[in-house]
Amino acid sequence: PGVAVEELDGGKKKLSNKCPESVKEILERHSAVDLYNKMVQAIVEAGNTRSTFGSWKSAEFNSILDCFREEFAEHGVKLAFCKRKSGSGKFTWIEFIDTELAPDYVPQYDTANLSGQSIKTCYTTLKFPKGVAVEELSRYGNARKKLKETCPAEVQSMLEKKDLMNEYHRLVDICASEGTGSWCKQGWNVKNLNGVKEEFEPIFEAKGVSLFLSNKVEYISHGQYGGHNEYFRWLEFVDREEQPNYFPQRDAKSQKECVIS
């Protein structure tokens, strides 16, 4: 309730011809229909919002929304231009947030709120919003030694602010000793790591940080010679003050290992 979505899968023509009923309901409630029409017209008339291949350009699109954000806010509506890329495709949409009905809602895929952190896999790059700190579990070499001896700056900054560094060091020490797996799974055992994560979840949650283990498996084809799996694992630390409704894309606990080719 309080959040409406307009998908941008039909390009400028669909955007200019049809407004989703859920969006219209929020706009009418806040007397913002005329403002919406002006914004859509600005998007349609802009010549630099789409790439050669038809995808929407985040910076250019957000620059247009920036011209309207303040006025929408005066009407009680927040805007977010969102993107998500997965094995099933690329998705782009605008979220219209009724700040009276959903005052604490934070759009997870808001392109204007990205932290600059990313996880690169063989097929894609996963990006993360501000308020989420990420630590990748190395797949090769001295992975466990690296986990124990190095801490990403974003993770350290968040956990120092939350007074959780001692707990973090205990967490990674146990992950390094009990989360080991076979070489064919590139050194980590997801089931064991999940057990460690669940042990520490309430400790971190008590100080306002949610802890997640994420897992992504990709199949690399060798053509007529078959193929092999590549495994990617990482920890996500979520500051619930900044991201109250965030949930990871690749949570290892709630999803089966998904193989993407």
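# Exercises on helices, strands and loops

The axes of helix α3 (residues 33–45) and helix α4 (residues 58–74) come within 10 Å of each other and cross at roughly 165°. This protein model is predicted: local features need pLDDT of at least 70 and side-chain atom pairs count only at pLDDT 80 or more, while totals for chains, interfaces and linings use all residues. Residues are numbered from 1 along each chain as its sequence is written, and side-chain values use heavy atoms, leaving out hydrogens and water.

## Exercise 1: two helices side by side

Describe how α3 and α4 run relative to each other, and find the residues that make their contact.

Step 1. Begin with the crossing angle, which is roughly 165°. The axes are lines fitted to C-alpha atoms over the stretch in contact, with angles from 0 to 180 degrees between N-to-C directions. Helices (H or I, at least four residues) and strands (E, at least two) are DSSP runs, numbered from the N terminus.

Step 2. Turn the angle into a word: α3 and α4 are therefore roughly antiparallel (over 145 degrees).

Step 3. Look for contacts (heavy atoms within 4.5 Å). From α3, the residues taking part are Leu-35, Tyr-36, Lys-38, Met-39, Ala-42 and Ile-43. Their partners on α4 are Phe-61, Ile-64, Leu-65, Phe-68, Glu-71 and Phe-72.

Step 4. Sort these residues by class: ten are nonpolar, none is polar and two are charged. Here Ala, Val, Leu, Ile, Met, Phe, Trp, Tyr, Cys and Pro count as nonpolar, Asp, Glu, Lys and Arg as charged, and the others, Gly among them, as polar.

## Exercise 2: a second helix pair

Repeat the analysis for helix α7 (residues 165–178) and helix α8 (residues 190–205).

Step 1. The axes of α7 and α8 come within 9 Å and cross at roughly 165°.

Step 2. That angle makes α7 roughly antiparallel to α8.

Step 3. On the α7 side, the contact uses Glu-167, Tyr-168, Arg-170, Leu-171, Ile-174, Cys-175 and Glu-178. On the α8 side, look for Asn-192, Leu-193, Val-196, Glu-199, Phe-200, Ile-203 and Phe-204.

Step 4. The classes in this contact are nine nonpolar, one polar and four charged residues.

## Exercise 3: neighbours in a loop

Is His-30 buried or exposed, and which residues does His-30 touch?

Step 1. Find His-30 in the loop between α2 (21–29) and α3.

Step 2. Check its accessibility: His-30 is buried, with a relative accessible area of 8%. Buried means under 20%, exposed over 50%, and partly exposed in between (1.4 Å probe, protein chains only).

Step 3. List its neighbours, leaving out residues up to four places away in sequence: His-30 touches His-75, Gly-76, Val-77, Asp-98 and Glu-100.

Step 4. Zoom in on His-75: the side chain of His-30 reaches the backbone oxygen of His-75 at 2.7 Å.

Step 5. Now step along to Ser-31, which is in the loop between α2 and α3 too. Ser-31 counts as exposed, at 59% relative accessibility.

## Exercise 4: an unusual backbone angle

What sign does phi have at Ser-31 and at Asp-163?

Step 1. Recall the general pattern: most residues other than glycine have a negative phi.

Step 2. Ser-31 is not a glycine, yet its phi is positive, at about 50°.

Step 3. Asp-163 is not a glycine either, and its phi is positive, at about 55°.

Step 4. Place Asp-163 in the structure: it sits in the loop between α6 (153–161) and α7. With a relative accessible area of 55%, Asp-163 is exposed.

## Exercise 5: two residues in strands

Locate Ala-4 and Arg-233, then describe the surroundings of each.

Step 1. Ala-4 belongs to strand β1 (residues 3–7) and is buried, at 2% relative accessible area.

Step 2. Apart from neighbours within four places in sequence, Ala-4 is in contact with Ser-22, Val-23, Ile-26, Ile-94, Glu-95 and Phe-96.

Step 3. Arg-233 lies in strand β8 (residues 227–239) and is buried, at 3% relative accessible area.

Step 4. Compare sequence with space: Arg-233 and Ser-214 are 19 residues apart in sequence, and their C-alpha atoms are 5.5 Å apart.

Step 5. The side chains of Arg-233 and Asn-215 share a polar contact of 3.0 Å. Such a contact is a pair of N or O atoms within 3.5 Å; within protein, one must be able to donate a hydrogen and the other to accept it, and residues adjacent in sequence count only if both atoms are side-chain atoms.

## Exercise 6: the whole protein

How many helices and strands does the protein have, and what share of its residues is buried?

Step 1. The secondary structure comes to eight helices and nine strands.

Step 2. Of the 261 residues, 44% are buried.

Step 3. For the overall dimensions, the C-alpha trace spans about 60 × 50 × 25 Å along its principal axes.

How values were computed
Angles under 35 degrees count as roughly parallel, over 145 as roughly antiparallel, 65 to 115 as roughly perpendicular and the rest as oblique.
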